[in-house]
Amino acid sequence: MRTLKLKKEKLDTFLFKVSKHGELWGPRKKGEVYIYDKIDDIKDLIKEPVTTFLPIKKLFLPPRFQMFHYNGKTYEENTEIFQQRIVYGVPSCEIHSLLIFDRVFGHTYKDPYYFKRREQTTIIALSCLPRESCFCKSTNTHVIEEGFDLAMTDLNDFYLVWVGTSKGDDLIRLSPDLFDRNVTQEDIREFIEWRERRNNEFNQTIDFVAIPDLMDLNYNSPIWEEFAEKCLSCGACSMVCPTCNCFDVIDEIELSDGSVKRERYWDSCMFKEYSMVAGGHNFREAKAERLKLWYTHKLHSFTGAYGKPSCIGCGRCIITCPVDINILSVVKALLTGKVDKNSLLTRKSK
Ligand code: SF4
Ligand code: SF4
């Protein structure tokens, strides 16, 4: 893999050039949170690594989008999926979430909507230091070897830039003079020091190797009922989780002219209606069953099928769940056989 250097003061010029070859996307501030958004003015782009409210999945599997429109005579495709995009600032863990999506959406049937967006998007990854709720070292998603076109590490007054694909190389070729090919021993030493600092800054550690067995042992444990007493079934954990990918499809039919709009939107197994089938039977009417499904899928079944958990250690469930049910509190309960009620907030559940 080719490695180059980019002086920090040249980043804006580089991204400006890049933005002439497709929509530039990246993190920007919205109220109190950061979001991935289309960047029309480079001043709005957050250059430092941040955790966005919704993960990168929203660019490849939007919360709601039109698959096609039938006007009574012909079909009109969703042309938005053909838009060329360059996304800056994707952290390592979220690159792993896309690699998970590649497997899920390409497993038996290649999802054309997902893969077209993937094909049309160039990814500039940005390494980060762990925040309070991050535990990506435990999921081994703090480092990346694939899944990006360019990857940048912020080292004092320059970025070390890895060229991962020919698409990444094309971006470099837009302005080759901005980049320095001379990576010195001193630069390498700086990178090694940065890596050691990152590895030492994690506050949270989870032993994921032990979790599938613990899930088996706790299958009928009362911990699920105890968590269910607090859970609001709001689905926020699924919405913010970079690896949750369930969706539903609806047809909106216009009776006056017979036109049809087919839409896809995010769904969550935390919702009561998720497991309801024709005839009104619900396979997971109880909240405890739905919670168990969410965690069994992430920590057990996915590991069995793909050799790793469907969790990238981003910590969003820790930040987001209004009653503090998250990977950490669940793993703690799996390990001890009891729920630490002091760490769970009590809200009125409907
Ligand atoms: S676990 Fe938390 S975020 Fe998820 S549905 Fe329950 S209350 Fe909402
Ligand atoms: S389960 Fe939580 S920590 Fe793991 S990927 Fe999902 S939101 Fe991030």
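Visitor: Against which helices do the buried residues of α12 pack?

Guide: This is a predicted model, in which local features need pLDDT of at least 70, side-chain atom pairs count only at pLDDT 80 or more, and totals for chains, interfaces and linings use all residues. Residues are numbered from 1 along each chain as its sequence is written, and side-chain values use heavy atoms, without hydrogens and water. In α12 (residues 327-336; helices are DSSP runs of H or I, at least four residues, and strands of E, at least two), the buried residues (under 20% relative accessible area, 1.4 Å probe, protein chains only) include Ile327, Val330 and Leu334. By contact (heavy atoms within 4.5 Å), the buried residues of α12 pack against α7 (211-217), α8 (223-230), α10 (287-306) and α11 (316-320).

Visitor: Which residue takes a positive phi just after α12?

Guide: At the start of α12, a side-chain oxygen of Asn326 lies within 3.0 Å of the backbone nitrogen of Leu328. Just after the helix, a positive phi of about 80° is taken by Gly337.

Visitor: How many bridges join β8 and β9?

Guide: Strands pair if DSSP finds at least two bridges between them. Strand β8 (residues 150-155) pairs with β7 (residues 121-126) in the parallel sense over three bridges, with Ala125 opposite Ala151. With β9 (residues 158-163) the sense is antiparallel, and Thr153 has Leu160 as its bridge partner. The number of bridges between β8 and β9 is six.

Visitor: How many residues of β8 are buried?

Guide: Strand β8 has six residues and is mostly covered. The buried ones number five.

Definitions and conventions
Chains are lettered from A and ligands numbered from 1 in the order in which they are written. Buried means under 20% relative accessible area, exposed over 50%, partly exposed in between (1.4 Å probe, protein chains only). A polar contact is a pair of N or O atoms within 3.5 Å; within protein, one must be able to donate a hydrogen and the other to accept it, and residues adjacent in sequence count only if both atoms are side-chain atoms.
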